[in-house]
Amino acid sequence: MPELPEVETTRRGLEPHVVGRRITAVEVREPRLRWPVPADLSAALAGRRIDSLGRRAKYLLFATGDGTLLLHLGMSGSLRYLPGFEPPQAHDHVDICLEGGARLRLNDPRRFGSLHFARVAAEHPLLCDLGPEPLEPGFTADYLWRTARGRRVAIKQHLMNGRVVVGVGNIYASEALFRAGIRPTRPAGRIARARFPRLVDAVREVLAEAIGHGGTTLRNFVGGDGRPGYFRQELSVYERDGEPCKRCGTAIRRTVLGQRATYHCPRCQR
DNA sequence: CTAAGGACCTGTCGGC
DNA sequence: TGCCGACAGGTCCTTA
């Protein structure tokens, strides 16, 4: 489900509920997620106060004075704030229990999500080789051009490579390329340097706008407060196969690239 | 080194 | 109505 805007929406929704509160325990009903939930996770976190709720790529970072809880929502995960106990439903795999009886509940049908503990988050193996955040200053046209030089991989797959830039998933890769007027299949290294400023702006804009709308709700994504996002109606190409391009009217085309559904306007994008 | 494909899971939907 | 395959927002790992 979640791409960066959905994770950021979750982060913002949860932040006021968790910062400054202590974790009392982590209850794991199903440890078989993308990686096994560490058996000592609850012991590592119990009694620690959450100093901040941050985000790196699509990981939520619950920072305490002595170590950080990393949480990834995978493909189908959502994290909800419960003011008090409620009986767990199907796929409610983990609860992060807070002082006072509130809890954060992870629901994840496909179990591609994960939880980790790191003394220093940035040094965790899953975070230490990641590229820049797309909404931060390190993601520039010049940077992206340099990473693309000599690469034959399609630009869409290049954008979705977390070592290049994080947080650009399948929806927003298609959307950004539409805005930039670039065909998703174009080899990354065969895009003129002069086109990169527009591409970088497009990535930034589409992500920022989606965050502003509370994320994209496709099937049943809900943010930390349980409310859906409203970016879906803003999508220009994603899941619009056969529908008219909003700019030129040509039918949007669905193709498969790297085993992922890809959408583009054959006229506007070159 | 790059690039491509498989792997991990469950739920939903369309077609027969 | 029931079954079966295709497909779904992520990304790591293996193979060539």
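Here are three short exercises, with worked solutions, on a predicted model of a protein chain with DNA.

Two notes before you start. Residues are numbered from 1 along each chain as its sequence is written, while chains are lettered from A and ligands numbered from 1 in the order in which they are written. Because the model is predicted, local features need pLDDT of at least 70 and side-chain atom pairs count only at pLDDT 80 or more, whereas totals for chains, interfaces and linings use all residues; side-chain values use heavy atoms, with hydrogens and water left out.

**Exercise 1. Work out the strand order of the sheet that contains S2, and find its edges.**

Step 1. Helices (H or I, at least four residues) and strands (E, at least two) are DSSP runs, numbered from the N terminus. Two strands pair if DSSP finds at least two bridges between them.

Step 2. S2 and strand S3 (residues 59-64) run antiparallel and are joined by six bridges. For serine 52, the bridge partner in S3 is alanine 63.

Step 3. The order is S2-S3-S4-S8, an open sheet of four strands with antiparallel pairing. Strand S2 (50-56) and strand S8 (114-118) each have a single partner strand, so one side of each is left without a neighbour in the sheet. From one strand to the next, the twist averages 20°.

Step 4. Now add the helix: H1 (residues 4-18) packs on the sheet and touches S2 and S3, where contact means heavy atoms within 4.5 Å. The direction of H1 makes about 175° with that of S2. For such angles, axes are lines fitted to C-alpha atoms, for helices over the stretch in contact, and values run from 0 to 180 degrees between N-to-C directions.

**Exercise 2. Do the same for the sheet that contains S1.**

Step 1. S1 pairs with strand S6 (residues 92-98) over five bridges, in the antiparallel sense. Glutamate 27 has aspartate 95 as its bridge partner in S6.

Step 2. This open sheet has four strands in the order S1-S6-S7-S5, with antiparallel pairing. Its edges are strand S1 (23-28) and strand S5 (78-82).

Step 3. H1 lies across S5, S6 and strand S7 (103-107), at about 30° to S5.

**Exercise 3. Describe the surroundings of DNA strand B.**

Step 1. A residue is near a strand if one of its heavy atoms lies within 4 Å of it. Among the residues around DNA strand B are Arg34, His91, Arg111, Phe112 and Gln259. Sugar and phosphate make up 64% of the atoms of DNA strand B that come within 4 Å of the protein.

Step 2. Look for polar contacts, pairs of N or O atoms within 3.5 Å (within protein, one must be able to donate a hydrogen and the other to accept it, and residues adjacent in sequence count only if both atoms are side-chain atoms). The side chain of histidine 91 has an N or O atom 2.5 Å from a phosphate oxygen of DNA strand B. For arginine 111, a side-chain N or O atom is 2.8 Å from a sugar or linking oxygen of DNA strand B.
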